[in-house]
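Here is a friendly walk through one protein model. Have the sequence and the coordinates open as you read.

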Amino acid sequence: MVRSKAEAPHFYVQMDVSTDALREVRDQANRDAGDKRARLTYTHLMIKACALALERFPMVNSTFRVEENDIAMYEAINIGLAVDVQDELVAPTVKDCQGKSVWQLAEEANSLIQRARMRKLQPADYADGTFTISNQGAIGGTHFTPIVNLPEVAILGLGKGAFKPAVVNG
């Protein structure tokens, strides 16, 4: 992380967004699934949203190779999830997210998170990330400044949702 802050250009955008539609999708999907599946969370939905965005904007799913002075595009979309494990932050990677359903992504993410918390991750579980999501919402964080996980070129930081008054349609 120190190397990333020193060497990689960082550009930050912070904004509040309405999650009303996202909450409706999550709640409906969980109602439809009943007890047949693990419950979808905002993080699971964001993994899917990021995978779709990276497919649409492949330049973000890339890395800058300093030695070659070029940009290398990744074929796979491998999304790392920042997980707080006692005294360290780890980022296991959901592999090959492109084309997977949100339910498949949720199952894989839950498995990685569970193994991370039990400290049973293997080196391959950390490897080959192309983008990372860090979610501070569970600990109450609303805004924060995540650090790009090199050699990736971007990271999405999510904060805790809150009900706030907003002007809609004027």
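The sections below go from the core to the helices, the sheet, the hairpin and one loop.

## The main nonpolar core

Please keep in mind throughout that this is a predicted model. A good place to begin is its largest nonpolar core, which has 22 residues. Within this core, the residues with the most contacts are Ile47, Ile79, Leu81, Val94, Cys97 and Ile133. Two or more residues each come from helix 3 (42–56), strand 3 (79–81), strand 4 (83–85), helix 4 (102–117) and strand 7 (131–135). Helix 3 makes the largest contribution, with five residues. In soluble globular proteins, nonpolar side chains tend to be buried together.

Val94 is a handy residue to centre your view on. Neighbours within four places in sequence aside, Val94 is in contact with Ile77, Asn78, Ile79, Leu81, Leu105, Glu108, Ala109 and Leu112. There is also a second core, separate from the main one, with seven residues, among them Ala29, Ala33, Leu40 and Leu45.

## Two cysteines without a bond

How many disulfides does the structure hold? The count is zero. A disulfide is a covalent bond between the sulfur atoms of two cysteines, and the cut-off used here asks for sulfur atoms within 2.5 Å. For Cys50, the closest cysteine sulfur belongs to Cys97 and lies 9.3 Å away, so the pair is too far apart for a bond. Seen from the other side, the closest cysteine sulfur to Cys97 is that of Cys50, again at 9.3 Å.

Are these cysteines buried or exposed? Cys50 has a relative accessible area of 9% and is buried. Cys97 is buried as well, at 1% relative accessibility.

## Helix 3 and its surroundings

Helix 3 has 15 residues, and at 1.5 Å a residue it should span 21 Å; its end C-alpha atoms are 21 Å apart, so the two values agree. Its buried residues are Thr43, His44, Leu45, Met46, Ile47, Cys50, Ala51 and Leu54. Their cover includes helix 2 (20–33), strand 3, helix 4, strand 7 and strand 8 (155–158).

Thr43 deserves a closer look. This residue lies in helix 3 and counts as buried because its relative accessible area is 18%, below the 20% cut-off. Its side chain makes a polar contact of 2.8 Å with the side chain of Asn135. Once neighbours within four places in sequence are set aside, Thr43 is in contact with Leu81 and Asn135.

Over in helix 2 you will find Ala33, which is buried with a relative accessible area of 9%. Ala33 and Trp103 are 70 residues apart in sequence, while their C-alpha atoms are 9.9 Å apart in space.

## The four-stranded sheet

Four strands make an open sheet in the order 6-3-7-8, with mixed pairing. Its edge strands are strand 6 (93–94) and strand 8, each of which pairs on one side only. Strands of a sheet pair through backbone hydrogen bonds, either parallel or antiparallel. Which way do strand 3 and strand 7 run? They are parallel, joined by three bridges. One bridge to trace by eye pairs Gly80 with Thr132 in strand 7.

Also in strand 7 is Ser134, buried at 7% relative accessibility. Leaving out neighbours within four places in sequence, Ser134 is in contact with Ala82, Phe144, Ile155, Leu156, Gly157 and Leu158.

## The hairpin

Strand 1 (residues 62–65) and strand 2 (residues 70–73) run antiparallel and are joined by four bridges. Arg65 stands opposite Asp70 in strand 2. The two strands form a hairpin with four residues between them. In the turn, Asn69 has a positive phi of about 55 degrees.

## A loop residue

For a last stop, go to Gln122, in the loop between helix 4 and helix 5 (123–126). Gln122 is partly exposed, with a relative accessible area of 48%. Its C-alpha atom is separated by 27 Å from that of Val60, and the two residues are 62 residues apart along the chain.

Terms used. Residues numbered from 1 in each chain as written. Predicted model: local features only at pLDDT ≥ 70, side-chain atom pairs only at ≥ 80, totals over all residues. Heavy atoms only, no water. Core = buried A, V, L, I, M, F, W, Y, C linked by side-chain atoms within 4.5 Å. Buried < 20%, exposed > 50% of the residue type's maximum accessible area, 1.4 Å probe, protein only. Contact = heavy atoms within 4.5 Å. Polar contact = N/O pair within 3.5 Å; in protein donor to acceptor, adjacent residues only side chain to side chain. Expected span 1.5 Å × (residues − 1). Pairing = 2+ DSSP bridges.
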